[in-house]
Amino acid sequence: MLAELFRQFGTDKETWHRYSHVYEWLLADLRDKPDLRLLEVGVREGRSIRAWEKYFPQAEIVGVDVDPACASIEFKRARVVTGDSTKPETFEMLGMFDVVIDDGSHNARDQFATWRNVWPRTRSLCVIEDVAFHGRKDQFFLMDNIYNELKRSAETAHPNRIVSHWTIFAGELVAMKRNPDAGGR
Ligand SMILES: C[S@@+](CC[C@H](N)C(=O)[O-])C[C@H]1O[C@@H](n2cnc3c(N)ncnc32)[C@H](O)[C@@H]1O
């Protein structure tokens with residue numbers, strides 16, 4: 001289903017990467033959640049946003065892009081906020097999200113800064129795409145920093161209490177599920 005939608009709207013989530021099977025698996029239990037809220041950083045022509053609109057027919061979908069042109073793209077339900085995902089103020093008024101996806105700059109420093117901003121707003125699942133875009137070393141930078149940040153976090157001494165599940169898929173995509181029992185930062 002997602003493979004078809006990604007191809008239909010031409011997002012590189014399927015035309016270049018092969019992320020549909022991973023997303024099917026990650027999103028299956030969230031698909032029917034009432035009032036689901038999804039945030040995607042990185043809109044460009046709105047291709048993935050259109051796929052999410054179809055996959056989650058009830059969801060509230062918000063895109064964030066640093067390029068102001070993205071805010072004038074017309075969607076059925078989604079809206080786009082102009083802002084830099086590495087800056088905390090971009091997300092200030094946006095509330096909490098069940099699913100957050102970072103498909104923005106793909107630079108490890110930006111990915112880490114973005115994660116710091118969005119993780120406290122993530123209820124269930126946070127995905128960082130293309131974590132090896134600029135080379136494998138980036139992945140280690142990103143994951144080390146995330147791990148250390150979770151360790152420093154006030155709520156617990158151990159990251160595995162906060163994150164019930166984290167995986168790097170095919171060396172390209174990091175998925176982190178929040179442990180529902182651990183509360184939030
Ligand atoms: C790979 S494209 C997004 C593609 C889209 N998600 C899709 O699947 O069709 C990356 C987008 O991220 C935006 N971007 C890059 N750095 C950003 C940042 N720091 N904050 C917000 N958006 C950013 C770019 O302007 C560009 O539109």
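In this predicted model, the ligand is surrounded by 21 residues, and of these Gly42, Arg44, Arg47, Ser48 and Ser105 come nearest to the ligand. When the shell around the ligand is divided by class, 10 of its residues are charged and 7 are polar, while 4 are nonpolar. Several elements of secondary structure contribute to this shell: helix H2 (12-15), strand S1 (37-41), helix H4 (47-55) and strand S2 (60-65) each supply at least two of its residues.

Strand S2, one of the elements that supply the shell, also contains Gly63. This glycine is classed as buried because 26 other C-beta atoms lie within 10 Å, where 20 or more are required for that class. Leaving aside residues up to four places away in sequence, Gly63 touches Glu40, Val43, Ile49, Cys70, Ala78 and Val80. Gly63 can also be related to Gly83, which lies 20 residues apart from Gly63 along the chain, with a separation of 9.8 Å between the two C-alpha atoms.

Attention now turns to the nonpolar interior. In soluble globular proteins, nonpolar side chains tend to be buried together. The largest nonpolar core of the model comprises 45 residues, among which Leu38 and Val127 touch the most other members. For Val127, the contacts, not counting residues up to four places away in sequence, are with Leu26, Ile101, Leu173, Val174 and Ala175.

Helix H6, which spans residues 136-152, has 17 residues and reaches 25 Å from its first C-alpha to its last, a value close to the 24 Å expected at 1.5 Å a residue. Within H6, the residues Gln139, Leu142, Ile146 and Leu150 are buried. Seen down the axis of H6, the buried residues fall within an arc of 75 degrees, and they therefore line one face of the helix. The other side of H6 carries exposed residues, namely Lys137, Phe140, Asp144, Asn148, Lys151 and Arg152.

Met143 is likewise found in helix H6, but its surroundings place it in the intermediate class: Met143 is partly exposed because it has 17 other C-beta atoms within 10 Å, a count that falls between the limit of 12 or fewer for exposed residues and that of 20 or more for buried ones. The C-alpha atom of Met143 is separated by 9.5 Å from that of Ile168, although the two residues are 25 residues apart along the chain.

Note on methods
Residues numbered from 1 in each chain as written. Predicted model: local features only at pLDDT ≥ 70, side-chain atom pairs only at ≥ 80, totals over all residues. Core = buried A, V, L, I, M, F, W, Y, C linked by C-beta atoms within 7 Å. Contact = placed C-beta atoms within 7 Å. Near = placed C-beta within 6 Å. Helix = DSSP H or I, 4+ residues; strand = E, 2+ residues; numbered from the N terminus. Nonpolar A, V, L, I, M, F, W, Y, C, P; charged D, E, K, R; others polar. Expected span 1.5 Å × (residues − 1). Arc of directions from axis to C-beta.
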